[in-house]
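Subject: A structure for you to look at

Hi,

Here is the structure I promised to pass on. Please open it alongside this note, and then read on for what turned up.

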Amino acid sequence: MRTLQGRSPAFWVALLLAALWPLFAHAQSNAALERQVKAAYLYKFAGFVEWPEGSFARPDSPVVIGVAGADALAEQLEQTVAGHSANGRPLQVRRIKRGDSLAGIHMLFISSLDKAHAQELLAASRGQPVLTVTDADETYGLGSMINFLIADERLRFEVSLKHAAVARLKISARMLSAAFRVQQVAG
């Protein structure tokens, strides 16, 4: 059994932020803390997903994380991933606006603020090797692979293996063990 001693500093930051979430749940900085925790999760997700062959142009191509409808989160994520890598690949953040192509995106966070735009992005990414992450039950039900939710006063996430399988993405068992809920592939 692996101990926690060999974990990276980013793991400890994410764990600490998740643990401190209840203490700050009612504080004025609630939105800022939520962004920090989401950014830490997005950063960590990149290291626990295996994309299909051909998803990257070159062996040193970055993992590109698109952020739609959440500029403050994109800014926080840029700070979080600066100088870091996932599975030996540098990390890059791209802000996605209405009408932008998803070409070159490997992970896509879609804010629930604009439901119509969220539906468009989920439809555009369907069947593509793009890990989609949302923060609302409605968008999760439309085909997102990962959804943030509040459970026991903590920011947690749920995973749909069915939608990940359609995109030919493999999510590690370690990540699945940390999920609040996992929807299995119907067999």
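A salt bridge here is a side-chain nitrogen of Lys or Arg within 4 Å of a carboxyl oxygen of Asp or Glu. By that definition, D71, E78, R95 and K97 are linked in a network of salt bridges. Please keep in mind that this is a predicted model. The structure holds 8 salt bridges in total.

Helix 2 is a good place to start. It runs over residues 30–46, and its 17 residues reach 25 Å from first C-alpha to last, close to the expected 24 Å. Within helix 2, E34 forms a salt bridge with K38, with 2.9 Å between the closest N and O atoms. These two are 4 residues apart, so about one helical turn separates them. E34 is partly exposed, at 24% relative accessible area, whereas K38 is buried, at 7%. K38 also forms a salt bridge with D135, at 3.0 Å between the closest N and O atoms. That pair links distant parts of the chain, as D135 sits in the loop between strand 6 and helix 5, 97 residues from K38.

Now for the rings. There are 7 aromatic pairs. One of them joins Y41 and F157 edge-to-face, 5.3 Å centre to centre with 70 degrees between the planes. Y41 belongs to helix 2 and F157 to strand 8 (residues 154–160), so this pair ties together parts that are 116 residues apart in sequence. Y41 and F157 are both buried, and they form one aromatic cluster with F45, F109 and F148.

W51 and F56 make another edge-to-face pair, at 5.9 Å and 85 degrees, and both are buried. The charged end of R89 sits over the ring of F56, 3.7 Å from its centre.

Which residues of helix 4 are buried? They are H117, A118, L121, L122 and S125. These residues cover an arc of only 135 degrees around the axis, so they lie on the same side of helix 4. What covers them includes strands 2, 4, 5 and 6 as well as helix 5. Also in helix 4, E120 forms a salt bridge with R98, the closest N and O atoms being 2.9 Å apart. R98 lies in the loop between strand 4 and strand 5, so the pair ties together parts 22 residues apart in sequence. E120 is partly exposed at 42%, and R98 is partly exposed at 45%. Just after helix 4, G127 takes a positive phi of about 85 degrees.

Enjoy exploring!

Best wishes

Technical notes
Residues are numbered from 1 along each chain as its sequence is written. This is a predicted model: local features need pLDDT of at least 70, side-chain atom pairs count only at pLDDT 80 or more; totals for chains, interfaces and linings use all residues. Side-chain values use heavy atoms; hydrogens and water are left out. Rings of Phe, Tyr and Trp (its six-membered ring) pair if their centres lie within 6.5 Å; planes under 30 degrees apart count as stacked, over 60 as edge-to-face and the rest as tilted. Buried means under 20% relative accessible area, exposed over 50%, partly exposed in between (1.4 Å probe, protein chains only). A charge sits over a ring if NZ of Lys or CZ of Arg is within 6 Å of the ring centre and within 35 degrees of the ring normal. The arc is that of the directions from the helix axis to the C-beta atoms. Contact means heavy atoms within 4.5 Å. The expected span of a helix is 1.5 Å times one less than its number of residues.
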